[in-house]
Amino acid sequence: MCNSYRLHVPVNVIGDVFRQADRPLHFPDGQPNLPATDDIRIGDRAPIIMLDDDALQLTMMTWSWKGPGGRPVFNFRSDGRRFDGSKRCLIPADGFYEFTDAPPGQKRKTKWLFTMTGEPWFWIAGVVRDGAFAMLTTEPGVDVAPYHDRQVVVLAPGDGIAWLDMSKPQGEMLTATAAEGLSVLQIWPSPDLMTQ
């Protein structure tokens, strides 16, 4: 499942989505510097958006909380669950990674980057517990199914507020991406190296 994602989205671009909806973004810990990051991994601190007392807030939080057995919970199944009583969050990203078996003669797994078709960035729906966040997952859409049996819940930039304030039914939001909604690119090994 997704254990790494990419964020090349400046904070002002994230804030523009909320300004356009007349819902300004607040920074309770001060406006962070968000350098372009190719690989945010489990246990890293990363920006998320939450709704707190009707105010949209961007804060830095750790990706994954400890489960009952001490293992990190970084992905959380959305199937069959209700989240209206949960602390929901939006995780900004412009790509997420999945991994498949290593090519013949290689030890490292093949790494694939998924981006949203027609959008420079997107949200991943998440939940917060114990001061940390996890990404929600669902059954994979046709774009992800060849690479993994689950996928993170991806929302277009303009659809994020609906997840936070539950202004749309949860069943409409926590679904797989429609066919051709995601583009995929092989990152490692480079396809150029495979043809040599």
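Biologist: Which residue is the bridge partner of His-26 in β5?

Modeller: In this predicted model, His-26 has Gln-57 as its bridge partner.

Biologist: What makes β2 and β5 a pair of strands, and in which sense do they run, parallel or antiparallel?

Modeller: Strand β2 (residues 25-26) is joined to β5 by two bridges. Pairing needs at least two bridges, so β2 and β5 qualify. Their sense is parallel.

Biologist: How many bridges join β4 to β5?

Modeller: Eight bridges link strand β4 (residues 45-52) to β5, and these strands run antiparallel. One of the paired positions sets Leu-51 opposite Leu-56 in β5. In the hairpin of β4 and β5, two residues lie between the strands, and Asp-53 takes a positive phi near 55 degrees. On to another partner: β5 also pairs with β13 in the parallel sense over two bridges, where Trp-63 stands opposite Phe-133.

Biologist: What makes you say that β5 is mostly covered?

Modeller: Of the nine residues in β5 (residues 55-63), seven are buried; that is, each of those seven has under 20% relative accessible area.

Biologist: Happy with that. Why is the contact of Asp-16 with Arg-19 called a salt bridge?

Modeller: The closest N and O atoms of Asp-16 and Arg-19 are 2.3 Å apart. The cut-off is 4 Å, so the pair counts as a salt bridge. Both residues lie in helix α1 (residues 11-20), three residues apart, which is about one turn of the helix.

Biologist: Is Asp-16 buried, partly exposed or exposed, and how do you know?

Modeller: Asp-16 has a relative accessible area of 31%. Partly exposed covers the span between 20% and 50%, so Asp-16 belongs there. Arg-19, at 47%, is partly exposed too.

Biologist: And what makes Arg-150 and Glu-139 a salt bridge?

Modeller: Their closest N and O atoms are 3.2 Å apart, which is within the 4 Å limit. The pair links distant parts of the chain: both residues sit in the loop between β13 (132-138) and β14 (151-152), eleven residues apart. Arg-150 is buried because its relative accessible area of 7% falls under 20%, whereas Glu-139 is partly exposed at 43%. Shared partners also join Arg-23, Asp-54 and Asp-165 into one salt-bridge network.

Biologist: How many salt bridges does the structure hold?

Modeller: Eleven. Among them is the one between Arg-41 and Asp-39, with N and O 3.0 Å apart.

Biologist: Now the rings. How many aromatic pairs are there?

Modeller: The count is twelve aromatic pairs.

Biologist: Why is the pair of Phe-96 and Phe-122 called edge-to-face?

Modeller: The ring centres are 6.3 Å apart and the planes stand at 90 degrees. Pairing requires centres within 6.5 Å, and edge-to-face requires over 60 degrees, so both conditions are met. Phe-96 lies in strand β10 (residues 95-100) and Phe-122 in strand β12, so the pair ties together parts that are 26 residues apart in sequence. Both rings belong to buried residues. Trp-121 and Trp-123 are edge-to-face as well, at 4.8 Å and 80 degrees.

Biologist: Which residues do ring pairs link into a cluster?

Modeller: Phe-96, Trp-112, Phe-114, Phe-122 and Tyr-147.

Biologist: Last one: where does the charged end of Arg-108 sit?

Modeller: Over the ring of Trp-188, 4.0 Å from its centre. In a similar way, the charged end of Lys-111 sits over the ring of Tyr-97, at 4.3 Å from the centre.

Note on methods. Residues numbered from 1 in each chain as written. Predicted model: local features only at pLDDT ≥ 70, side-chain atom pairs only at ≥ 80, totals over all residues. Heavy atoms only, no water. Salt bridge = Lys/Arg side-chain N within 4 Å of Asp/Glu carboxyl O. Helix = DSSP H or I, 4+ residues; strand = E, 2+ residues; numbered from the N terminus. Buried < 20%, exposed > 50% of the residue type's maximum accessible area, 1.4 Å probe, protein only. Phe/Tyr/Trp six-rings, centres within 6.5 Å; stacked < 30°, edge-to-face > 60°. Lys NZ or Arg CZ within 6 Å of the ring centre and 35° of its normal.
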